[in-house]
Number of protein chains: 2
Amino acid sequence: MNLKIVKAQKEFGKTVAADIAYRLREEILSCRLPPGEPLRFEALRASFGASFTTLREALMSLVADGLVAAEGQRGFRVAPISLDDLFDITSTRVLIEIEALRQAIAKGDDEWEIGIISALHRLNRIEERIKTPPGEDLNWRRAHREFHQALISACGSPTLLAIHDSLFDRSERYRSVSATYRPYDRNKVGEHRALMSATVGRDTDLAVKLIEKHIRDTADNVATYAAEHFDRPALHMTAKAALAK
Amino acid sequence: MNLKIVKAQKEFGKTVAADIAYRLREEILSCRLPPGEPLRFEALRASFGASFTTLREALMSLVADGLVAAEGQRGFRVAPISLDDLFDITSTRVLIEIEALRQAIAKGDDEWEIGIISALHRLNRIEERIKTPPGEDLNWRRAHREFHQALISACGSPTLLAIHDSLFDRSERYRSVSATYRPYDRNKVGEHRALMSATVGRDTDLAVKLIEKHIRDTADNVATYAAEHFDRPALHMTAKAALAK
DNA sequence: ATTCCGAAAAATTTCGAAATCATGCGTTAC
DNA sequence: GTAACGCATGATTTCGAAATTTTTCGGAAT
C-alpha cells in the first residue's frame, strides 16, 4: 500500500476532518479503495497524515452516508456492494427523484432553468475533452452530479435533496465498478439532453418517465457488466499473506 | 444547568460514544435540550463524563441524523425547529411511508403480521398505564416508534427503513414540543388500531390513506398547538448575560 | 484429529493536554 | 465621532499516548 504521505492540509473543507472525509470519499466512490476493504488506522494515518481521532471522525461521517461500514468495536471497512443493495438504491432513487423532479418542475424559476442548462453544457464539454472512462474522471463525476442536482434543486425540500445526495453517492460507487470493465455508453449524452429538454419545457410526465428510465438503465447496465465482481470476499490479502502461500 | 454527573458507562451501546449519542438523542428528542440550545463541550463533559473526543463523535453522529447542527468551526447546537422544517419532514414522511407500506403489504408474511399486532398491543397497554403526556414518556415513545416500524418492516428495502427511522426521529421532536402544551389526543388510539386492521387485512388503498392522514393530522396538531414556540431566538442567555440588562 | 482454554499480539477506543481559531473589547488613527 | 486595528479571551479542533477490547496463536485435554 504505497500511497504517498500527504500532509493533512485544509485543501477542501474547513477542518482537517472534513478535508480527510472528502478525500476518503473520493477514494471510495472511485473504487480505488475497493468495497469490503478493511480500513486500518495505521495505514490511513500513513496515507492521510492525521491522528486517530481525526480519522475516526472522518470515518464516522462516511458511515452516516452508507459508504463505510462500522462493525461495533471491530473497526471500519469500505461498505460492501451487492446486487440487492444496487436494486434497493435504484428503487429508492426512482421514488425520490420522481417526486423531487415533479416538485421542481412545478416550482422552478428562471434561475433554476439556467442552472440546468449550464450544468448540462459543462458536462458535455467535459465529455468531449476526456478520453478515459468518465467513471474514473473526477471532473466528469462532479459535473454529472451537479447536473442531476440542478434538475431537482428547485423542489423546495431540503430533506428530499439530502436523501438524493446520499443515494447518488452510493450509486456512484457501482458506476465506478462497472466503468472499469466497459466503455462509456455514449447514449447517455442524448439521455441527459432529453432530460434537460423535458424538464425545462415543463413536460412533467415525460421528464418523470425519462428520469426513471435513465436511473434504471444505468443500474441495469452496471448489473450486466459488473455483477460478477459483486459479493466476492474482500481481496485484502497483504503481500505477506500472499507470500506465505 | 444542574444535570447530575453520570459516569460514562456502556449502559446502552457497545461503546461509550454510542452510549452518549443515545442518551443525548433522548435529551434532544424529548426537548429537555431545547431546539437552538448551544452544546458547549465543558457543560456536556460535566453532564456525561466523557472526553472532548468522545463527545465530538457522539455529536457528529447526531449531526448526521439532523438532530444537531454543526456550524463550521463554531461548535454545535441542537438543531433549530421551524414550521418549514415540520412541513418538509411531513411531506417526505408521507412519500416514504406510503411506498414502504405498499411494499410491506405486498410482501409481508405471518411473522410480520404478528409483529404489528404485538407492537400495537404493547402500545395500548402503555397508554392505559401512564398518566403523563405520552410525548414525555420514554416507554411510550419507544413503543410508538416500534409500532410504526413494524408496519413497514416487511417492505424489503433497508434504505427505505433507514430513511423512515431518521424522519421519525426528527418528527418526534416536534411531537415533544407540542406535548408540553396540550393533552394527548385519545383519538390516536383508534387511528393506530384502524391502521393495524387495514394493513394486516391487506387493504392497501385504505392503509395508505390512513397512514397519510395519521401523519398529516399529527403534524397539523403540532403546528396548531406549538407554532408560537417555533423560530424564537434560542433562549441561551446565561445568568451573567441576563444580569447585565 | 479436534476442540477448548489462555496468554500474547494487534487493533480500536478513550483520554486530557496543546494548538488553533473565532469573538469581543479597548485602543488608536483618521 | 467613526472606523480600523490588534490583543486578550473563550471556545473548538487536533494530537499522540494510554487503556480497553478483539483477534490470533500455541498448547493441552478430550
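Seven nonpolar, nine polar and five charged residues make up the surface near DNA strand C. Here, near means that a residue has a heavy atom within 4 Å of the strand. Ala, Val, Leu, Ile, Met, Phe, Trp, Tyr, Cys and Pro count as nonpolar, Asp, Glu, Lys and Arg as charged, and the others, Gly among them, as polar.

The model is predicted: local features need pLDDT of at least 70, side-chain atom pairs need 80 or more, and totals for chains, interfaces and linings use all residues. Residues are numbered from 1 along each chain as its sequence is written, chains are lettered from A and ligands numbered from 1 in the order in which they are written, and side-chain values use heavy atoms, without hydrogens and water.

Stay with the DNA. Of the 21 residues around strand C, A:R56, B:V16, B:T53, B:T54 and B:R74 come nearest. Sugar and phosphate supply 78% of the strand C atoms that come within 4 Å of the protein.

Now look at polar contacts, pairs of N or O atoms within 3.5 Å. A polar backbone atom of B:V16 sits 2.5 Å from a phosphate oxygen of DNA strand C. B:T54 places a polar side-chain atom 2.9 Å from a phosphate oxygen of that strand. A:T53 reaches a base instead: one of its polar side-chain atoms is 3.3 Å from a base nitrogen of DNA strand C. Two or more residues of this surface come from each of α3 (52-64) of chain A, α1 (16-29) of chain B and α3 (52-64) of chain B. The largest share, three residues, belongs to α3(B). Helices are DSSP runs of H or I, at least four residues, numbered from the N terminus.

Next, the two protein chains. Chain A gives 21 residues to the contact and chain B gives 22, with contact meaning heavy atoms within 4.5 Å. Together the chains bury about 1800 Å², 63% of it on carbon and sulfur atoms. That area is the accessible area (1.4 Å probe) lost on being put together, summed over both parts. On the chain A side, A:E57, A:L95 and A:T159 lose the most area to chain B, together 28% of what that side buries.

Inside chain B, find B:H148 in helix α6 (residues 138-152). Is B:H148 buried or exposed? B:H148 counts as buried because its relative accessible area is 1%, and buried means under 20% (1.4 Å probe, protein chains only). Leaving out residues up to four places away in sequence, B:H148 touches B:R93, B:E97, B:H164, B:F168, B:H192, B:I211 and B:H214.

Last, the cysteines. A:C155 is buried at 0% relative accessible area. B:C31 is also buried, at 19%. The whole structure has zero disulfides over all chains, a disulfide being a pair of cysteine sulfur atoms within 2.5 Å.

Technical notes:
Buried < 20%, exposed > 50% of the residue type's maximum accessible area, 1.4 Å probe, protein only. Polar contact = N/O pair within 3.5 Å; in protein donor to acceptor, adjacent residues only side chain to side chain. Buried area = accessible area lost by both parts, 1.4 Å probe.
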